[in-house]
Amino acid sequence: MTTAEEKQTDAPKVYTFRDEDIQRAHDLVGIYHAVTQREQFTRATPDVMRNFARSYGDDNPLFVDEGYGPGTRWGGQIAPPMINIALTRELRADPIPKEQRRPSFRGIHVFVSGTTTDWYRPVYDGDTLYSFQGFSDVELKESEFAGRSLIVTRSHVQMNQRAEIVQVQKVITIHTERHESKKRNKYQGIEPASYTPEDIAKIDEIYAAEQRRGANTRYYEDVSVGESLGTMAKGPLTTTDMVVFHSGGYGFAPYTPSTGRLTYLNRQRIAPFYIPNEQGIPDVAQRIHWDSDYARSIGLPAAYDYGMMRDCWLSHYLTDWMGDDAWLVSMSSQMRKFNYQGDTHTITGEVVGKRVDGGRYLVDVEFRGTSQRGEVTCPATATIAVPSREGGLVALPTPPKQLEVVAAQMLARHGELRAARSSD
């Protein structure tokens with residue numbers, strides 16, 4: 001056992017980028033590989049869809065009530081837009097050649113800075129989702145926050161058991177070396193939020209006034225450029241919020257929080273991901289999302305949320321406004337500021353355009369999440385297809401043909417390998 005005196009003299013290991021990892025990332029741009037890990041869930045069920053929606057505060061009956069969906073144009077309960085972060089079954093695939101293996105960037109901090117998602121078809125009860133992914137862009141740059149940074153854009157493509165593309169999500173991540181001093185200087189002046197009963201009452205007023213469009217169809221002809229999408233509250237952010245988000249399905253594979261022997265086995269696999277806490281116990285670096293003491297140890301004022309949590313909030317805002325009969329075509333978001341424990345966000349937005357494209361009646365919106373400090377932490381844009389009195393029901397978008405070909409190949413090979421294993 002290490003004594004307190006010994007721990008004080010032990011210098012933490014500093015992990016830096018390796019040139020060969022950066023070059024490999026560049027070489028892999030445009031190459032797709034099957035996702036061979038499973039997420040928290042692998043098949044959509046009424047319970048999975050309901051619990052995931054509730055994990056970020058969404059009680060839309062289209063997502064949470066299996067008896068409600070059959071009466072809508074979708075003919076059944078469907079999953080919330082962001083279900084991809086909780087629902088994926090592993091794909092069987094041939095071993096990846098050594099020269100195409102993704103660099104590990106071991107011991108490097110990773111921050112989600114933005115996403116762009118395109119949705120193509122709903123996920124229903126009984127659907128199984130599979131995924132393949134690849135690098136879309138890799139850029140090395142200097143960051144005010146943490147010195148040298150690698151900006152990586154990765155495309156995640158999800159398909160169902162029929163090889164139909166469900167969605168494509170491009171995630172921008174910032175990979176940074178763990179240097180503490182620069183972070184301390186930048187964030188040392190941020191004070192944790194605190195609230196009086198009157199402050200909480202004002203937040204409650206926003207919650208109480210929120211409205212869901214639901215079955216009251218929002219037609220294209222009734223939408224006006226400049227109109228407000230309303231106001232939604234999220235927060236104040238607590239550790240409980242993070243626990244509920246994980247328990248609702250956010251698995252974060254392959255770094256899924258675990259316990260007991262499973263944690264031991266995970267430590268053998270990805271040891272640099274486990275950083276000793278103040279008691280000398282190896283614990284996940286991911287605890288920066290719920291352990292404020294650890295966050296402060298690397299120069300941040302408190303634990304902060306996941307970027308994907310805010311994407312769930314943003315999509316929740318849109319689906320409440322657009323109603324049951326509309327379709328969220330695409331959403332692009334940026335994570336410009338941290339959302340610390342104790343922070344409260346209000347989400348606001350407005351219609352910025354209307355157009356007809358490919359037989360779809362489209363509404364373009366701009367919206368954002370603003371903290372109690374008055375900082376816009378997550379600006380976003382989106383395109384929504386809505387019904388038209390003249391044009392009828394929403395027509396779903398068509399996925400890129402190239403990705404449909406890859407999806408069919410991936411799923412076919414999955415079936416071949418599964419059949420071969422069964423016959424052994």
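Start with the empty space inside this predicted model: the search turns up one cavity of 30 Å³ or more. Its volume is about 220 Å³. Rolling a probe the size of a water molecule over the atoms is what shows where empty space is left.

So what surrounds that space? The largest cavity has 23 lining residues, and Phe63, Ile78, Ala79, Pro81 and Trp327 are the ones that lie nearest its centre. Four elements give two or more residues to the lining: helix H4 (61-64), strand E5 (165-176), helix H10 (307-322) and strand E9 (327-334). By type, the lining residues of the largest cavity split up like this:

| Type of lining residue | Count |
|---|---|
| Nonpolar | 16 residues |
| Polar | five residues |
| Charged | two residues |

Now for the domains. The chain is divided into domain 1 (14-38 + 88-183 + 399-423), domain 2 (195-251 + 306-393) and domain 3 (254-303). Which of them help to line the largest cavity with at least three residues each? Domain 1 and domain 2 both do.

Domain 2 also meets domain 3. Taken over C-alpha atoms, the centres of domain 2 and domain 3 are 31 Å apart, and their contact takes nine residues from domain 2 and eleven residues from domain 3. Between them, domain 2 and domain 3 bury about 810 Å², with 61% of that on carbon and sulfur atoms. On the domain 2 side, Tyr306, Tyr340 and Gln341 lose the most area to domain 3, and together they make up 55% of what that side buries. How many salt bridges run between domain 2 and domain 3? The count is zero.

Salt bridges do turn up when you search the whole structure, which holds 18. One of them pairs the side chains of Arg212 and Asp320, at 3.7 Å from N to O. Arg212 sits in the loop between helix H6 (197-209) and strand E6 (228-234) while Asp320 belongs to helix H10, so this pair ties together parts that are 108 residues apart in sequence.

Finally, a couple of backbone oddities. Most residues other than glycine have a negative phi, and most peptide bonds are trans. Against that background, Gly235 and Pro236 are joined by a cis peptide bond, with omega about 0°. You'll find Pro236 in the loop between E6 and helix H7 (239-247). Ala163, which isn't glycine, has a positive phi, near 65°. Look for Ala163 in the loop between strand E4 (147-159) and E5.

Methods. Residues are numbered from 1 along each chain as its sequence is written. This is a predicted model: local features need pLDDT of at least 70, side-chain atom pairs count only at pLDDT 80 or more; totals for chains, interfaces and linings use all residues. Side-chain values use heavy atoms; hydrogens and water are left out. On a 1 Å grid over the protein atoms alone, a cavity is a set of points where a 1.4 Å probe fits but cannot get out, and a pocket is an open set with protein on both sides within 12 Å along at least five of seven lines; lining residues have an atom within 4 Å of a point. Grid points are joined across faces, edges and corners, and a volume is the space filled by probe spheres set on the points. Ala, Val, Leu, Ile, Met, Phe, Trp, Tyr, Cys and Pro count as nonpolar, Asp, Glu, Lys and Arg as charged, and the others, Gly among them, as polar. Domain bounds come from an automatic or database domain assignment. Contact means heavy atoms within 4.5 Å. Buried area is the accessible area (1.4 Å probe) that two parts lose on being put together, summed over both. A salt bridge is a side-chain nitrogen of Lys or Arg within 4 Å of a carboxyl oxygen of Asp or Glu.
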